[in-house]
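Reader: I'd like to go through this one with you and keep asking how you know what you say. Can we start with the ligand?

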Amino acid sequence: MKILVTGVNGLVGNSIIKLLFNTQHKVFKSSRRVEGFADHKVDISLKNDLDLFFSKFDPDVVINCAAMANVDLCELEKKSCDDVNITGIRNLVDVCARYNCHLTHISTDYIFDGKKDSGIYLESDTPSPQSYYAKSKLEGEKIITSSSIKYSILRTILVYGIHEKLNIVTFIKKSLEEGRAVSLVDDQIRMPTYVDDLSRACISASENKAIGIFNVCGSEQMSYLEIGKRIADHFSLDKNLIKHVKTKDLNQKAERPFKTGFDLERSIRFLGYNPTSFNKSLDLMFNVS
Ligand SMILES: NC(=O)c1ccc[n+]([C@@H]2O[C@H](COP(=O)([O-])OP(=O)(O)OC[C@H]3O[C@@H](n4cnc5c(N)ncnc54)[C@H](OP(=O)(O)O)[C@@H]3O)[C@@H](O)[C@H]2O)c1
């Protein structure tokens, strides 16, 4: 297949192009500028960029990893957030409809308010987004689901992996290794997702042209505090550097859901999804045999 991957310099996009390397697919690596891993300029907020690319290469699938994914920044820069997370999706849907192209898109647990007791959401649960980012991501989903195109939407949670930009796992490990204190909340609970697991699910959804919404996350539910303790234990780092705080102490711009997690049955069944355990993913990331 001819696969266009957008946002390839980001955490997820980068993992996807690495996993697609040396496969039989023809992969087009794009971002809003030709830089880093991107060979093609495709700014999804610009209709013209998509038109030009599609008229030249006519891809079978787009895996959309382009997004404004910084939750607090979206609260401050609403127009930029809309441009990517809403207008960008409208542009993708429009061009996919005209070229009969499958769209694989990534969404978020933040579309839920996290008030469900178990914190375990089904694909069919009713969204209740709290932040501007979450609202924009839900709007993006709605543009796709109400269109006539063939699509897979993979919702995911707190993604981590090896990437030049720090994420929850690399940030905690680096801080503890350098003897710096980290403040972690015990009142936000997630099912953290190893990026390569998500990427494999995106590739499977694209290859099989799986239709609908799929939950994709790790298999273990834990607070940020627990994530920190698990990392410290795993790499024998100093747990005393972990400061236990509450969400209200952080003064974050955007509201976060309290407790999220996903029922994974549908992605296990239709995408062959098989999440890596948290400890195993730490070994894989840092080459521990
Ligand atoms: N990371 C998580 O914990 C998490 C959790 C749930 C859902 N998600 C979803 O997963 C997807 C991927 O997120 P991520 O963590 O990989 O984000 P990321 O690391 O911030 O990567 C996003 C990439 O998109 C690029 N981009 C931004 N605007 C663009 C545009 N207009 N056109 C083309 N490219 C553009 C960015 O380019 P620049 O490098 O130039 O900024 C960046 O490289 C997003 O849809 C996000 O909402 C992520």
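Author: Sure. This is a predicted model, and in it a nitrogen atom of the ligand sits 3.0 Å from a polar backbone atom of Ile44.

Reader: What makes the pair at Ile44 a polar contact?

Author: A polar contact is a pair of N or O atoms within 3.5 Å. The Ile44 pair is at 3.0 Å, so it meets that cut-off.

Reader: How far is the ligand from the side chains of Tyr133 and Arg33?

Author: For Tyr133, an N or O atom in the side chain is 2.7 Å from a ligand oxygen. For Arg33, a side-chain N or O atom is 3.5 Å from an oxygen of the ligand. As for cover, the ligand alone exposes 900 Å², and the protein buries 86% of that.

Reader: Which residues come closest to the ligand, and how many surround it?

Author: There are 26 around it, with Arg32, Asp43, Tyr133, Lys137 and Val159 the closest. By class, that shell has 13 nonpolar, eight polar and five charged residues.

Reader: Why is Tyr133, one of the closest residues, counted as nonpolar?

Author: Because the class goes by residue type, and Tyr is on the nonpolar list. Its side chain still has an N or O atom 2.7 Å from a ligand oxygen.

Reader: Which elements feed the shell around the ligand?

Author: α1 (11-20), β5 (102-108) and α5 (132-145) each give at least two residues. β5 has the largest share, with three.

Reader: Why is the space lined by Tyr160, Pro192 and others called a cavity?

Author: Because a 1.4 Å probe fits there but cannot get out. The largest cavity has a volume of about 40 Å³, and the structure holds one cavity of 30 Å³ or more. Its lining includes Gly218, Ser219, Glu220 and Phe278.

Reader: What classes make up the lining of the largest cavity?

Author: Four nonpolar, four polar and one charged. Glu counts as charged, so Glu220 is the charged one.

Reader: What is the volume of the second largest pocket, and which residues line it?

Author: Its volume is about 200 Å³. Among the lining residues are Leu11, Asn14, Ser15, Lys18, Tyr194 and Asp196. α1, α7 (195-207) and α11 (278-285) each supply at least two.

Reader: How do you know which helix gives the most to that pocket?

Author: By the count: α1 leads with four residues. α1 spans 11-20, and Leu11, Asn14, Ser15 and Lys18 are in the lining. By class, the pocket lining splits into six nonpolar, four polar and two charged residues.

Technical notes. Residues numbered from 1 in each chain as written. Predicted model: local features only at pLDDT ≥ 70, side-chain atom pairs only at ≥ 80, totals over all residues. Heavy atoms only, no water. 1 Å grid on protein atoms, 1.4 Å probe; cavity = no way out; pocket = protein on both sides within 12 Å on 5 of 7 lines; lining within 4 Å. Points joined across faces, edges and corners; volume = space filled by probe spheres on them. Near = heavy atom within 4 Å. Polar contact = N/O pair within 3.5 Å; in protein donor to acceptor, adjacent residues only side chain to side chain. Areas by Shrake-Rupley, 256 points an atom, 1.4 Å probe, with all protein chains shown as cover.
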